Amino acid sequence: MRLLLIFLFFPTILYADQGVNISCVNMISMLEKNPKIHKFKFDVMTFKYFDENKNTYVEVPNKNMVIKEDFFAARFADYELGFQVNVFEDKKKPVMSMSKYDYKNNKFLEHYYCDVQPAYIN
C-alpha cells in the first residue's frame, strides 16, 4: 500500500528539469506608460518565443542555437536575438539583456532589458 502511495504522489513532487521564462522590454520604450513586453521561454530542449502574428509560441531546438557560459542566441532568417547575462562590479544581482542583431548588415537594431524567472518543466 505504501508503495502505491509513493507512486501516486511521486510525479506531483518531482520536476524533470528547470527552465526560465524571460520577459524583455525595449530599452528605448522602458519609460513609456505601457511598453511592449516580449516573452520567451528557454529550457534544456528548446527556446520558445511568442509570435504575435500566429498568436502562439514558436520553438527553436537548442541544437540550432549558439549557447555559451553567459550568452545564448537564436538565429532567424534576417536577424539574431542574443541574450547575455551581465554581472557588474557590485556582483549583487546579474542582469540579462537581449540584443536584436542584423547579421546581414552587421549592425545592432535594438537593445532590451530582460527579467528572468525560473520555470519548472513537468
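**Note on the aromatic core and the largest pocket**

1. Both F40 and F47 are buried. The model in which they are found is a predicted one, and the relative accessibility is 5% for F40 and 0% for F47, so that each falls under the 20% limit for a buried residue.

2. The two residues also pair through their rings: the centres of F40 and F47 lie 5.6 Å apart with the planes at 20 degrees, and the pair is therefore classed as stacked, since planes under 30 degrees apart count as such. F47 has a further partner in F42, where the ring centres are 6.3 Å apart and the planes stand at 65 degrees, so this pair is edge-to-face. F42 is itself buried, with a relative accessible area of 16%.

3. These pairs belong to a wider arrangement, because a single aromatic cluster is formed by F40, F42, F47, F72 and F83. The structure as a whole holds 11 aromatic pairs. As a reminder for reading the values above, the distance between the centres and the angle between the planes are what describe a pair of aromatic rings.

4. The surroundings of F40 deserve a separate point. F40 has its place in strand β2, which covers residues 37-42, and, when residues up to four places away in sequence are not counted, F40 touches V20, N21, I22, C24, F47, K48, Y49, L81, F83 and M98. One of these contacts, N21, is 19 residues from F40 along the chain, while the C-alpha atoms of the two are separated by 6.0 Å.

5. Which residues of the largest pocket lie closest to its centre? The pocket encloses about 340 Å³ of space, and of the 16 residues that line it, those closest to the centre are H38, F40, Y49, F50 and Y79. The elements giving two or more residues to this lining are β2, β3 (46-51), β8 and β9 (107-121), and the largest share, four residues, comes from β2. F40 thus appears both in the aromatic cluster and among the residues closest to the pocket centre.

6. Two charged side chains are placed over aromatic rings. The charged end of K100 sits over the ring of Y79, at 4.4 Å from the centre of that ring, and R75 lies over the face of Y103, with a distance of 3.8 Å from the ring centre. Y79 is also one of the residues closest to the centre of the largest pocket.

7. S99 offers a polar counterpart to the aromatic points above. It is found in strand β8, residues 95-102, and is buried, with a relative accessible area of 17%. The side chains of S99 and H111 are joined by a polar contact of 3.0 Å. Leaving aside neighbours within four places in sequence, S99 is in contact with E80, L81, G82, F108, E110 and H111; L81 is listed among the contacts of F40 as well.

8. For the overall setting, the protein has one helix and nine strands, and the order of elements from the N terminus on is α-β-β-β-β-β-β-β-β-β. Of its 122 residues, 29% count as buried. Among the contacts with a separation of 6 or more, 36% are accounted for by residues 24 or more positions apart.

Note on methods: Residues are numbered from 1 along each chain as its sequence is written. This is a predicted model: local features need pLDDT of at least 70, side-chain atom pairs count only at pLDDT 80 or more; totals for chains, interfaces and linings use all residues. Side-chain values use heavy atoms; hydrogens and water are left out. Rings of Phe, Tyr and Trp (its six-membered ring) pair if their centres lie within 6.5 Å; planes under 30 degrees apart count as stacked, over 60 as edge-to-face and the rest as tilted. Buried means under 20% relative accessible area, exposed over 50%, partly exposed in between (1.4 Å probe, protein chains only). A charge sits over a ring if NZ of Lys or CZ of Arg is within 6 Å of the ring centre and within 35 degrees of the ring normal. Contact means heavy atoms within 4.5 Å. A polar contact is a pair of N or O atoms within 3.5 Å; within protein, one must be able to donate a hydrogen and the other to accept it, and residues adjacent in sequence count only if both atoms are side-chain atoms. On a 1 Å grid over the protein atoms alone, a cavity is a set of points where a 1.4 Å probe fits but cannot get out, and a pocket is an open set with protein on both sides within 12 Å along at least five of seven lines; lining residues have an atom within 4 Å of a point. Grid points are joined across faces, edges and corners, and a volume is the space filled by probe spheres set on the points.
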